[in-house]
Amino acid sequence: MDKIVVRGGNALNGEIPIAGAKNACLTLMPAALLSAEPLTLTNAPRLSDIRTMTQLLQSLGCEVAALQDGKVLAMGCEAITNEVAHYDIVRKMRASILVLGPMLARMGKATVSLPGGCAIGARPVDLHLKALEAMGAKMDLRDGYVYATAEGGLTGGEYEFPVVSVGATENALMAATLAKGTTVLKNVAREPEIVDLAECLIAMGAKITGQGTSTITIEGVERLHGATHRVVTDRIELGTYMLAPVMTGGSVECLGGTRDLVGAFVDKLEECGVEVEETARGLRVTRDADKPLKPLHVVTEPYPGFPTDLQAQMMAMLMLADGESELEETIFENRFMHAPELQRMGADIRVRGGTAHVHGGKPLRGAQVMATDLRASVSLILAGLAAEGETSVSRVYHLDRGYEKLVEKLSACGADVERVSENG
Ligand SMILES: CC(=O)N[C@H]1[C@@H](OP(=O)(O)OP(=O)(O)OC[C@H]2O[C@@H](n3ccc(=O)[nH]c3=O)[C@H](O)[C@@H]2O)O[C@H](CO)[C@@H](O)[C@@H]1O
Ligand SMILES: C=C(OP(=O)(O)O)C(=O)O
């Protein structure tokens with residue numbers, strides 16, 4: 001197994017290209033199941049999660065070709081030849097549940113393994129099922145699988161989500177495109193990935209209004225056709241690399257970034273004294289390493305609030321702030337696993353319930369640390385950039401789920417970072 005070794009202390013200067021969004025691509029790919037005609041995605045990120053979704057779609061009978069070194073995904077689902085999404089693939093990635101809505105809409109039946117919990121929390125899928133039930137689907141849960149049926153097809157319905165769920169909104173939105181009649185989804189997620197999905201579905205012939213607001217209305221159509229769609233910029237990769245020069249001092253331009261993708265996050269950076277400038281090509285972040293960072297109070301919320309997927313990275317930054325910061329995690333109940341690892345590097349962090357208190361300003365020293373989940377692992381890399389000496393991060397397969405060419409991108413700006421085989 002590989003590990004990433006970071007030797008801290010170098011200021012970062014330069015530019016970093018930001019990839020297409022993992023979390024958009026993982027919902028755009030299942031949309032290919034909705035049509036017999038091809039769906040092509042450009043600006044796809046090259047990540048292990050995308051390869052897992054590729055395998056899942058292929059197991060259902062789709063053709064998926066990764067062109068131009070993986071940046072273009074050409075998908076064709078003339079017929080779904082297998083109605084079962086098996087545990088062996090689904091267990092690797094929770095986003096696999098996103099095939100349920102499209103399969104059900106296209107075939108009137110689908111059997112999908114329950115994805116189970118994961119390190120960051122229990123993550124149930126009850127809302128995905130309830131929204132589909134509101135469109136007439138029958139759900140039977142047995143042997144760890146969801147057996148979903150909609151004899152005669154789905155019918156339009158109304159559903160108000162009791163809590164905002166990104167994945168459940170996506171599943172319901174995709175399913176409703178082929179339902180008979182009109183579906184109204186209330187209290188839906190407003191994430192840029194939802195808007196991106198809606199735009200792709202519209203390009204395929206779907207009739208959707210309200211994406212990006214709390215209510216989405218979908219008028220079902222008989223069939224969807226082929227389309228080509230560009231995957232939206234990854235706002236979480238963007239936020240992560242925006243923090244790199246903050247950790248070390250320096251100035252980095254994140255190419256393809258826009259303020260509207262990361263508004264709440266940029267507000268917090270500015271509040272603590274970091275300079276963020278919109279340029280013609282992206283967002284430039286500049287920090288004078290001698291200027292102290294102010295502590296912050298951050299609460300994670302659904303979009304447009306501060307994203308939970310940037311909470312771990314923000315914690316790494318707040319270790320450098322002058323005083324006590326508070327990070328409240330309201331989305332997932334177990335998303336502070338990076339805290340004990342960051343403590344191994346000298347951080348003073350106390351977690352009480354859903355709140356982490358970060359006492360900034362303690363000297364950071366390199367250490368051997370372990371990645372526990374995707375965003376936790378990148379927070380350790382960010383901390384390593386600021387720490388004295390060498391940090392080695394093991395279990396980097398977590399990182400490969402969400403960050404393509406991480407070593408290359410950071411090295412190009414002057415970081416001393418390499419990937420080494422754990423055996424040698
Ligand atoms: C592939 C993908 O896009 N993943 C993102 C997606 O995950 P995901 O779509 O799984 O997250 P949700 O928005 O659904 O989860 C939000 C909250 O709702 C709860 N919930 C969700 C569904 C459900 O049926 N029942 C229920 O109770 C969850 O446990 C959680 O507490 O949004 C999360 C929140 O922004 C991000 O951290 C993930 O990176
Ligand atoms: C939690 C994440 O992904 P997933 O929902 O696929 O686990 C993430 O992208 O940070």
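**Exercise 1. Work out whether Asn-43 is buried, exposed or partly exposed.**

Step 1: count neighbours. Asn-43 has 19 other C-beta atoms within 10 Å, so Asn-43 is partly exposed. The cut-offs are these: buried takes 20 or more other C-beta atoms within 10 Å of a residue's own, exposed takes 12 or fewer, and partly exposed is in between, with C-beta atoms placed from the backbone.

Step 2: place the residue. Asn-43 sits in the loop between strand 3 (39–42) and helix 2 (48–59). Helices (H or I, at least four residues) and strands (E, at least two) are DSSP runs, numbered from the N terminus.

Step 3: check the backbone. Asn-43 has a phi near 60°, a positive value in a residue other than glycine.

A word on the source: this is a predicted model, where local features need pLDDT of at least 70, side-chain atom pairs count only at pLDDT 80 or more, and totals for chains, interfaces and linings use all residues. Residues are numbered from 1 along each chain as its sequence is written, while chains are lettered from A and ligands numbered from 1 in the order in which they are written.

**Exercise 2. Do the same for Arg-395: find its loop and its burial class.**

Step 1: Arg-395 belongs to the loop between strand 23 (390–394) and helix 13 (397–400).

Step 2: Arg-395 has 18 C-beta neighbours inside 10 Å, so it counts as partly exposed.

Step 3: phi of Arg-395 is positive too, about 60°, although Arg-395 is not a glycine.

**Exercise 3. Find the cis peptide bond that ends at Pro-304, and place Pro-304.**

Step 1: the bond in question runs from Tyr-303 to Pro-304, with omega near 10°.

Step 2: Pro-304 is in the loop between strand 18 (297–299) and helix 10 (311–318).

**Exercise 4. Describe how helix 4 (residues 100–107) is packed.**

Step 1: 7 of the 8 residues of helix 4 are buried, so call it mostly covered. Among them are Leu-100, Met-103, Leu-104 and Arg-106.

Step 2: look for the partners. The buried residues of helix 4 pack against helix 1, strand 7 (109–113), helix 5, strand 9 (145–149) and helix 6. Contact here takes two C-beta atoms, placed from the backbone, within 7 Å.

Step 3: look just past the end of helix 4, where Gly-108 takes a positive phi of about 80°.

**Exercise 5. Compare Pro-124 and Val-125 by burial.**

Step 1: both are on the "binding site" list of an unreviewed UniProt entry, which also includes Arg-94 and Asp-309. UniProt positions follow the numbering used here, feature names are shortened, and annotations may be inferred rather than shown by experiment.

Step 2: Pro-124 is in the loop between strand 7 and helix 5, and Val-125 is in the loop between strand 7 and helix 5 as well.

Step 3: Pro-124 has 14 C-beta neighbours inside 10 Å and counts as partly exposed, whereas Val-125, with 20 other C-beta atoms within 10 Å, is buried.

Step 4: leaving out residues up to four places away in sequence, Val-125 touches Ile-97, Leu-114 and Pro-115.

**Exercise 6. Work out where ligand 1 lies relative to the two domains.**

Step 1: get the domains. They are domain 1 (2–18 + 234–421) and domain 2 (22–230), with bounds from an automatic or database domain assignment.

Step 2: list the shell. Ligand 1 has 20 residues around it, the closest being Asn-23, Leu-127, Ser-165, Val-166 and Gly-167. To be near, a residue needs its C-beta atom, placed from the backbone, within 6 Å.

Step 3: both domains give residues to this shell, so ligand 1 lies between them.

Step 4: sort by class. The shell around ligand 1 has 10 nonpolar, 6 polar and 4 charged residues. Ala, Val, Leu, Ile, Met, Phe, Trp, Tyr, Cys and Pro count as nonpolar, Asp, Glu, Lys and Arg as charged, and the others, Gly among them, as polar.

**Exercise 7. Sort the shell around ligand 2 by class and by domain.**

Step 1: the residues around ligand 2 include Asn-23, Arg-94, Cys-118, Asp-309 and Gly-402.

Step 2: that shell divides into 4 nonpolar, 2 polar and 3 charged residues.

Step 3: domain 1 and domain 2 each supply at least three residues of the shell around ligand 2.
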